[in-house]
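Trainee: Please take one part of this model and look at it closely for me, namely the way in which cysteines and charged side chains are joined.

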Amino acid sequence: MKELITIKTVRILAVMAACFAFVMGLLMPQLNAQGVDSHIPDLAGIWDGTPRVRPVNGETVPWGENNFPDLNARARAYQEVWEEIMAPKYDCQPASSPAIQYDPYHMQLTQWPDRVLFRYEKDDQLRTVWLDGREPTATDFSLQGFSRGYYEDGSLYVTTTHFVFDIAGFDDYNGIPSSSQKVITERYWSEGEELRLTLTVEDPMFFNGDVSYTTRWLPAGEGYRLAPYDCDPEASRLSVQFFPSKYD
Amino acid sequence: MKIRRILTAMAAAATAGLIMLVLPAFAHHATGPFYDPEKVVDLQGTVTRFVFRNPHAFLFIDAPDASGQNSEWQIELGAPVGLRRIGWTPDTLPVGMEVKLTGRGSRAEGSQGVCCVRMTRADGSPVLEGGAVRERTQD
């Protein structure tokens, strides 16, 4: 009898423990590396940034009359030397911020608890935005820099530093370089079916103050998957022969 | 006559939806520094090679040059990542195929490059089966 009561008691306790765990699981706020009070917007998906969604980039897009940077003497000196075929993209060097966000291709955004992943169809690039508060070190310089972010008021905020120097790293249509002092800040949010972005650039090495653009993506078509880009060095350089260089 | 041509082209475009004007809409780079919009080039020639790789597909054809001799021309097309979505494959322009095109000539002296083309088969039909031919827009 004593044994039966003991087994029965154990079973009851086990059921109670399971119910408690279930209820607590429902009540606990969603865990994330940021903390328990933040609201996390749902920004995940495959996003279309092609010409059906926004004007194609060029000499006046996205940097035009209203938001062109106030270049200093150093930047203007680079522009004097610059010509189109110096752009490293003709050797398949990938684009970076602030250009890659505006390139007319698709992009995939994935939200994990401790990071957000941006995968760009153009140049097969992957950016990781850390949400866990980690700080970059001196060895974290790269083409895409080091990104940290947080959620607030329904938006994702991202700050990226530690970019390597890039001769066309601000804008290769206008031959404006970017330095290791470049800082990119981004705010992503959703409006209706759109994913929106306001991006701000500072680079005191080459221009005064900061400049911004705002753009959008629409959801990719049903069933769309990012395609491999696999930039080909030969195909990339084929057009270079058609450019009349001022140095020839 | 011109209106009839435009109406015919619009009807063809409405029935299919495959774009044959291969402006590099996915802009890896601006065409202006490389090709002159005032330099119109008309060619009819034979495909010798089709490079279907990002960032830009390139078509090589043998066609008469300014002196009337056959020589190699290189035609810059759009990004394969976008062309695939409208039905293009590496086999779309096979070696030996005859094509006719109009486009912008390259700027570098002595070079024979063309971009921003309107291209069809030699008989004027679309390159892709069931495709459409779209008239070039004015620059």
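Mentor: What follows goes from the disulfides to the salt bridges, with a short look at the fold on the way.

This is a predicted model, in which local features need pLDDT of at least 70 and side-chain atom pairs count only at pLDDT 80 or more, whereas totals for chains, interfaces and linings use all residues. Residues are numbered from 1 along each chain as its sequence is written, chains are lettered from A and ligands numbered from 1 in the order in which they are written, and side-chain values rest on heavy atoms, without hydrogens or water.

Two disulfides (cysteine sulfur atoms within 2.5 Å) turn up over all chains when the whole structure is searched. In chain A, A:Cys92 is joined to A:Cys231 with an S to S distance of 2.0 Å. This bond links distant parts of the chain, 139 residues apart: A:Cys92 belongs to the loop between α2 (73–81) and β3 (106–111), while A:Cys231 belongs to the loop between β13 (210–219) and α3 (233–237). Helices (H or I, at least four residues) and strands (E, at least two) are DSSP runs here, numbered from the N terminus. The torsion about the S-S bond of A:Cys92 and A:Cys231 is about -75°, so this disulfide is left-handed. A:Cys92 has a relative accessible area of 16% and is therefore buried, whereas A:Cys231, at 22%, is partly exposed; buried means under 20%, exposed over 50%, and partly exposed in between (1.4 Å probe, protein chains only).

In chain B, the disulfide joins B:Cys115 to B:Cys116, with the sulfur atoms 2.2 Å apart. Here the torsion about the S-S bond is about -65°, so this disulfide too is left-handed. Both B:Cys115 and B:Cys116 are buried.

Strands β3 and β13, which border the two loops of the chain A disulfide, are also members of the closed barrel of chain A, whose nine strands run β1-β3-β4-β5-β6-β7-β10-β11-β13 with mixed pairing. Strands count as paired when DSSP finds at least two bridges between them. One case within the barrel is β5 (residues 125–130) and β6 (residues 146–152) of chain A, which pair in the parallel sense over two bridges, and where A:Val129 of chain A stands opposite A:Ser147 in β6.

Turning to charged side chains, there are 17 salt bridges over all chains, each being a side-chain nitrogen of Lys or Arg within 4 Å of a carboxyl oxygen of Asp or Glu. One of them joins A:Asp48 to A:Arg52, with 2.5 Å between the closest N and O atoms. The two partners differ in their surroundings, because A:Asp48 has 4% relative accessibility and counts as buried, while A:Arg52 has 52% and counts as exposed.

A:Arg196 takes part in salt bridges with two glutamates. Its side chain meets that of A:Glu191 at 3.8 Å, N to O, and it also forms a salt bridge with A:Glu194, where the closest N and O atoms are 2.8 Å apart. A:Arg196 itself is partly exposed at 23% relative accessibility; A:Glu191 is likewise partly exposed, at 40%, but A:Glu194 is buried, with a relative accessible area of 14%. Through shared partners, salt bridges join A:Glu191, A:Glu194, A:Arg196 and A:Arg216 into one network.
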